[in-house]
Amino acid sequence: MQDPEELEVTRRDVLIVGAAGVAATMASQLSRGQAPSEGPAAAPQPVLSRVSFNVNGKPCELNLDTRTTLLDALREHLQLTGTKKGCDQGQCGACTVIAGGRRIVSCLSLAVMHQDDRITTIEGLGTPENLHPMQAAFVKHDAFQCGYCTPGQICSAVAMLSEIKAGVPSHVTADLIPRQQLTTDELRERMSGNLCRCGAYSNIAEAITEVAESKI
Amino acid sequence: MKPFTYERAHSPAEAAAAAARNQGAKFVAGGTNLLDLMKLEIEKPTHLIDVNGVGLDKIDATPEGGLRIGALVRNTDLAANEHVRRDYGVLARALLAGASGQLRNMATTAGNLLQRTRCPYFYDTNQPCNKRDPGSGCGAINGYSRQHAIVGVSDACIATHPSDMAVALRVLDATVETVQADDSVRKIPIAEFHRLPGDQPHIDTVLMPGEMITAVTLPKPAGGIQIYRKVRDRASYAFALVSVAAIIQRDGTGRVALGGVAHKPWRVEAAEAEMPRGAKAVVARLLADAQTTPDNAFKLMLVERVLNAVLADAKGVQP
């Protein structure tokens, strides 16, 4: 009988094994095809490019395939796997990080486009011992079920409150001129770029509201 | 995604020259649409010119009393600009009705104009699409066409232009300024900037290869009550089924442009003479040449109802 501890694998290990399985299948299919030299016009080769930026206060220098998104650079090259890959097409917000003080979707941004940029990911907002107030509020209000969208929700919420502070209006702002208040309608509209398939929205809204009110 | 070489341009002239040197080059700024399409290999640039460092990120007053919006001004910054909020409310409203907070932080003024259609047949490389693969046919015309164009369509394409911002620019009579590698500059009225599909739906705009947008200028404020009303399948973060950008003066005259109904922002100046007579009269001329499918014929009624609501809103009454 095996020691149960030997069977313990993380969710990430399972995903990596799964991906490796796909890669192996593709490799075996490729080996049955023509040798590269006999193929049609030689496929364009990957291009490497250097980029340096600061992530969570630490300078990073990377030599990346130009095709690498900021999301993949963070997860696969810097091992910052807190930022999640959801749709990888800018529709779900799971990959939201803060770049130059602004929330962006890191899946629709190339890493090489962030030369000298300052990136903050969920790992840079707080630590398990010293949570960011938004992280603490999400825990307190049970603002998640599976947790996959949570890092993106939290990064988005932190930057969203800065946008209100800076006077950025929203679609539901009744009057464009005066400074906006954080009503529930404002909060929901401004967070619409972060989807939660578990539907924890009401608790997410409560968590963000608590942080917003404590700041006022 | 296909491999590509990459460079950072430091001035508009440098960017235009780089584009002239590299066939198959594309400019990238926000990247929110281009990268998405590159992942699907619908766009296959062999060289990317990053224009984020060329300047062009300011909003300045013009000597004529209008505004000059740099090509790289982000959608968030344009919507939050105090002059835009005060004098060009329809533009602020249209920007805020589009995309999400994250995407508006990334997307630029020029990139917004140059975004491609979100027609699902354009995005699905297993389907025929004359815009993606000229001559392959149109999957939408006899397919699922609920979101598609109802006016200015052709036998080759019924895609819509997805931008909200462009609809507001159309009603504001904006001008698009460009530069080419030989340093020549052009000023293109927004009405002429986007094309109708005709038999070349793969060409969205009148820009020449390598020509770069440097700015969008607005004439002096038109005043009036400015409204952007967008109808979509969910309350936020979705493309328009139909949208109405309107500038309505106290005497009931005004201007109106539509989104979600054509391959470009749709405006028929002659129809605006009917504004004081109400939505039905305006729409009768605005959509006189409409060609609908069974799926999208509802847009005719929807346009009229949305315009009716907008006109009532401008008068401060319930429709």
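## A tour from the A–B interface to two sheets

Put chain A and chain B on screen together: the area buried between chain B and chain A is about 3,400 Å², and carbon and sulfur atoms give 56% of it. Buried area here is the accessible area (1.4 Å probe) that two parts lose on being put together, summed over both. Before you click further, note that this is a predicted model, where local features need pLDDT of at least 70 and side-chain atom pairs count only at pLDDT 80 or more, while totals for chains, interfaces and linings use all residues. Residues are numbered from 1 along each chain as its sequence is written, chains are lettered from A in the order in which they are written, and side-chain values use heavy atoms, with hydrogens and water left out.

**Stop 1: the interface**

Select the residues of each chain that touch the other: 40 residues of chain B are in contact with 45 residues of chain A, contact meaning heavy atoms within 4.5 Å. Now look for charged pairs. Across this interface of chain B and chain A there are two salt bridges, by a rule that asks for a side-chain nitrogen of Lys or Arg within 4 Å of a carboxyl oxygen of Asp or Glu. Zoom in on A:D88 and B:K39, which form a salt bridge with their closest N and O atoms 2.9 Å apart.

Next, colour chain B by element; helices (H or I, at least four residues) and strands (E, at least two) are DSSP runs, numbered from the N terminus. The elements giving two or more residues to the side of chain B that touches chain A include β1 (5-8), α2 (34-39) and α6 (101-106) of chain B. Which element gives the largest share of that side of chain B? It is α6(B), with five residues.

Over all chains, the count comes to 29 salt bridges. In the pair you zoomed in on, A:D88 lies in the loop between α3 and β3 of chain A and B:K39 in helix α2 of chain B, so the pair joins two chains.

**Stop 2: a sheet in chain B**

Move to the open sheet of three strands in chain B, ordered β9-β10-β11 with antiparallel pairing; two strands pair if DSSP finds at least two bridges between them. Strands β9 (225-231) and β11 (254-259) of chain B stand at the edges with a single partner strand each, so one side of each has no neighbour in the sheet. Six bridges join β10 (residues 242-248) of chain B to β11(B). For one of these partners, select B:A245 and find B:A257 in β11(B). Then show helix α12 (residues 298-315) of chain B, which lies across β9, β10 and β11 of chain B at about 30° to β10(B). For such angles, axes are lines fitted to C-alpha atoms, for helices over the stretch in contact, and angles run from 0 to 180 degrees between N-to-C directions.

**Stop 3: a sheet in chain A**

Finish on chain A, where an open sheet of five strands has the order β2-β1-β5-β3-β4 and mixed pairing. Its edge strands, β2 (58-65) and β4 (102-105) of chain A, each pair on one side only. Four bridges join β3 (residues 96-99) of chain A to β4(A), and these strands run antiparallel. Select A:I98 to find its bridge partner A:R103 in β4(A). Last, add helix α6 (residues 150-165) of chain A, which packs on the sheet, touches β3 and β4 of chain A, and makes about 40° with the direction of β3(A).
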